[in-house]
Amino acid sequence: MSIELQLKNKVLEALQQMYGQVVDPESIQIQKTRKDFVGDYTLVVFPLLKISKKPPEQTATEIGEYIKKNIDDISEFNVIKGFLNLTLNNNFWLSFLNSVGQKKDYGYIINKEKPNIVLVEYSSPNTNKPLHLGHIRNNLLGYSVAKIIASQGDKVIKVNLVNDRGIHICKSMLAWQKWGNGITPEKAGKKGDHLVGDFYVKFDQEYKKQIDELIQKGISEEEAKKNAPLIIEAQEMLRKWEAKDETTIGLWKEMNSWVLKGFDITYKNLGIDFDKIYFESDTYKLGKEIVLKGIEKGVFLKKDDGSVWVDLTEEGLDQKLLLRADGTSVYITQDIGTAHQRFADFNADELIYVVGNEQNYHFQVLKLIMNKLGYSFSEYLFHLSYGMVELPEGKMKSREGTVVDADDLMDEMIHTAEEMSKELGKLDEYSEAERIQINRTIGLGALKYFILKVDPKKNMTFDPKESIDFNGNTGPFIQYTYARIVSLTKKAQARNSITPNKIKTDITATNKELQLIKQIHSYPEILFDASETLSPAIVANFVYDLAKEYNQFYHDHPILNEVDENISLFRLFLSQQIGKIIQSGMNLLGIDVPERM
RNA sequence: GGCCCCAUAGUUCAAUGGAUAGAACGGAAGUUUCCUAAACUUUAAAUCCAAGUUCGAUUCUUGGUGGGGCUACCA
C-alpha cells in the first residue's frame, strides 16, 4: 500500500475515533508538502473543521498526534494554519531507495491484469512534399505518447496513415511531367521527398501565373482559380488515376516511392517508427460501403443530386458531406472506414489520433458519426489535439517559403551541437565517430526536448535562431546531468570494484538528499498522469526538475571524495538511481542520453 | 454569424481548488588548487478585465477583451 493511502486511511480512522464520524474519503486531502515547509506530506484540515467543530490548529494537532502514534514511519509533525505537515523518518526513505535499486523498470506497470490494446495513429503525411516542423511535433508526440502508454502496461500499436492520393499528389505529378525533364532523385542528388516537393511548389507558382493572366483578361478571381488550364489538367489526372490509367498509375507509383524513401530517412533520423503503415490509396474506399449501409439504416440522408450527408444539427453542428454527388469519397469517408477496419484488425480497445487542432471539428464529427452508426467503440476514439507550431513571424506558409523543413532543422541542430562542443573543447579527445554520435544525440535531444516540454494542446513558438538553447531547461542540460552520473560510476568502479546494490538505512540524509529521494518516489505517479492525460510534457518537466535538483546536490555534496564510506556509497547509489530515472524518462520521450559529453 | 482552443516576468514555459505563483533565457553580480563550469550561487521582474461559487480561485462558472483554429462536393 502506498504511503499516501496509508495516511489517508489513518486520517479516516482518526476522525472516526476522535470525533465519531465517518467521512467521505474524498474530503481527505493528502498532498506533498511544499518545499519551503518542513514535512513530507500535508493534510489540509479546512474541509474537516465541520466534523471536528474545533479551530484549524487544534484539529490539525489532534490528528497529527493520532497519526504519529499510529504510524511508525511518521517521525514528527508540525501545524501551520490549517495545514498538518507530517514527516517520515530517514529509514522510510532510505528503505524506499533500496527498493528502487532492486527494480529494473521502476515506474512501469509490468503485469497489468487486463491490458488494453491501444492504437496510436500519428505522422500521417501527404506524399507531395517533405516533412516540416509541424510534422516533427506530431511525430515526437505520437512516438512518446505510445511509449508512455506502454509503460503503464497497455499494449500499444503505432500506426501511420499515409495520404498518398488526391488532387495535391496530382499537382506534383503534373508539374514533374511538364517541367521535370525526366529528373530523378538519383540524377538530382536529392532526397525524393524534397524533389517531389519542388514540383509541388513549381505547380503552385505556374498556377498562380495563369490565374493572374486570367484576371488581367477581366475574369473574376474565383473563376480564374477554377478555370486555369493547370488545375483542369490536374483534375483530369486525378480522374485518370481513379480510372486506373496505366501511365498515370505508373508515374504515381514511381513518384510516391521516391517520397516514401525520403520519409524513411527522415523517420530514421528522428528516431521514430511504426508497427503498421496504412495507405489511403488502399483504404479510401472502405468507408463508402459503411456510409451506404448507413443510408439504409436511416442514419444518413441522400439528397436529390445523389450526394450523401449526415445531419448533426441536433448536436449543435451542421450537415456534413459524406459522399460526393458523383459517388466518390471525401476525407471523412475514409476515416469512417479505417476506424472500422482498425478495431477489426487489432481488436483494439482504444484508438488515439495524434492530429493538429485545426481538425478538432473533423474528429468531433467522426465520433458522432461512428456513434450514430452504432459502433460501441465510438467513445474510445480519442483525438490528441495538439497546437500549431508557429514562427516568430507567425504561421508557417509554404507559399511564402517560411516552412521549416524537418531534415534541415535536424541537420542544423546537430551542427549547432558540433560547434558548441568544439567551442567548449568537450570532445577533443574523442574519435571522429564518437564525436558524430555524441553531437547527434545532443542536437536531436535539444530539438525533441524543446518541443515535448510544452503542453501538447498549447500553440508554441519556435524561433530557429534563439529558441533552441543548450543551457537551462533543455535536453542537453538533462543529458549532461546523466553523463556526469555515468562518469561518477566509472570513476567509482576504477577506484573500487565494489558497486553498491544496497545501502545502509541508518544514515542521516541531508535535506537535499531526501528531496531527491522524494522526487524519485513520485516518478510512478508522474508516468501514470502522463499516460492518462497523454502528455509527454509532464514527463519532460519532471525529468528536468530532477536533473536540476541533482545538479545542486552534485555541486555541494562530495560523493567519491566523501570520507565517510557509508555516506559516499549512499550518494553514489542515489546518483545511480537518478541516472536510471533520467534515462528512463528521456527514453519515454524518445530522447537518447550520452555516456559522456 | 455559429462552434472550439488559448491568455502567467521583457521572452519561452510550469503550478490534482490550498500556504509566500515556480523555472529557464535575456539583464545585473559572483563561484574553478574540488567527482565534467553544457554546472552552481545571488538579484530585479508576471496570473488580461469584471462578477460569481468557496473557509480558500492562476485553476471552476458566467460575461467581456485580445489571439488562434474550424465552419469546402480540399485533405
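The following paragraphs describe the domains, sheets, pocket and cavities of a predicted model. Residues are numbered from 1 along each chain as its sequence is written, and chains are lettered from A and ligands numbered from 1 in the order in which they are written. Local features need pLDDT of at least 70 and side-chain atom pairs count only at pLDDT 80 or more, while totals for chains, interfaces and linings use all residues; side-chain values use heavy atoms, with hydrogens and water left out.

The domain assignment of chain A yields domain 1 (3-88), domain 2 (173-256) and domain 3 (426-454 + 465-588), the bounds coming from an automatic or database domain assignment. A distance of 34 Å separates the C-alpha centres of domain 1 and domain 3. To their contact (heavy atoms within 4.5 Å), domain 1 contributes 7 residues and domain 3 contributes 6 residues.

Secondary structure was assigned from DSSP runs, with helices (H or I) of at least four residues and strands (E) of at least two, numbered from the N terminus; two strands are paired if DSSP finds at least two bridges between them. An open, antiparallel sheet is formed by 4 strands in the order 1-2-4-3. Its edges are occupied by strand 1 (29-32) and strand 3, each of which has a single partner strand, so one side of each is left without a neighbour in the sheet. Neighbouring strands of this sheet are turned by 25° against each other on average, direction ignored; axes are lines fitted to C-alpha atoms, for helices over the stretch in contact, and angles run from 0 to 180 degrees between N-to-C directions. Strand 3 and strand 4 run antiparallel and are joined by 6 bridges. Isoleucine 74 has leucine 88 of strand 4 as its bridge partner, and asparagine 78 is matched in strand 4 with asparagine 85. The hairpin of strand 3 and strand 4 has 2 residues between the strands, and lysine 81 in this hairpin adopts a positive phi near 50°.

A further open sheet consists of 3 strands in the order 8-9-10, again with antiparallel pairing. Strand 8 (301-302) and strand 10 (319-323) are the edge strands; each has a single partner strand, so one side of each lacks a neighbour in the sheet. Between strand 9 (residues 308-311) and strand 10, which run antiparallel, there are 4 bridges. Within this pairing, valine 308 has leucine 323 of strand 10 as its bridge partner. Helix 13 (residues 286-297) lies across strand 9 and strand 10 and runs at about 120° to strand 10.

Rolling a probe the size of a water molecule over the atoms shows where empty space is left. On a 1 Å grid over the protein atoms alone, a cavity is a set of points where a 1.4 Å probe fits but cannot get out, a pocket is an open set with protein on both sides within 12 Å along at least five of seven lines, and lining residues have an atom within 4 Å of a point. Grid points are joined across faces, edges and corners, and a volume is the space filled by probe spheres set on the points.

The second largest pocket has a volume of about 760 Å³. It is lined by 30 residues, of which Thr33, Lys35, Gly39, Gln515 and Lys518 are the closest to its centre. Strand 3 (74-80), strand 4 (83-88), helix 4 (90-102), helix 19 (511-521) and helix 21 (536-556) each supply at least two lining residues, and the largest share, 7 residues, is that of helix 19. The lining comprises 8 nonpolar, 12 polar and 10 charged residues, where Ala, Val, Leu, Ile, Met, Phe, Trp, Tyr, Cys and Pro count as nonpolar, Asp, Glu, Lys and Arg as charged, and the others, Gly among them, as polar. Both domain 1 and domain 3 give residues to this lining, so the second largest pocket lies between them.

The structure holds 2 cavities of 30 Å³ or more. The largest cavity encloses about 40 Å³ of space, and its lining includes Thr127, Asn128, Trp252 and Asn256. Helix 6 (167-179) and helix 11 (246-270) each supply at least two residues of this lining, with helix 11 providing the largest share, 4 residues. The lining of the largest cavity has 6 nonpolar, 4 polar and no charged residues.

The second largest cavity has a volume of about 40 Å³. Among the 10 residues that line this cavity, Ala446, Phe450, Asp469, Asn473 and Thr474 are the closest to its centre. Helix 17 (residues 432-452) gives the largest share of the lining of the second largest cavity, 3 residues, and the classes number 4 nonpolar, 4 polar and 2 charged.
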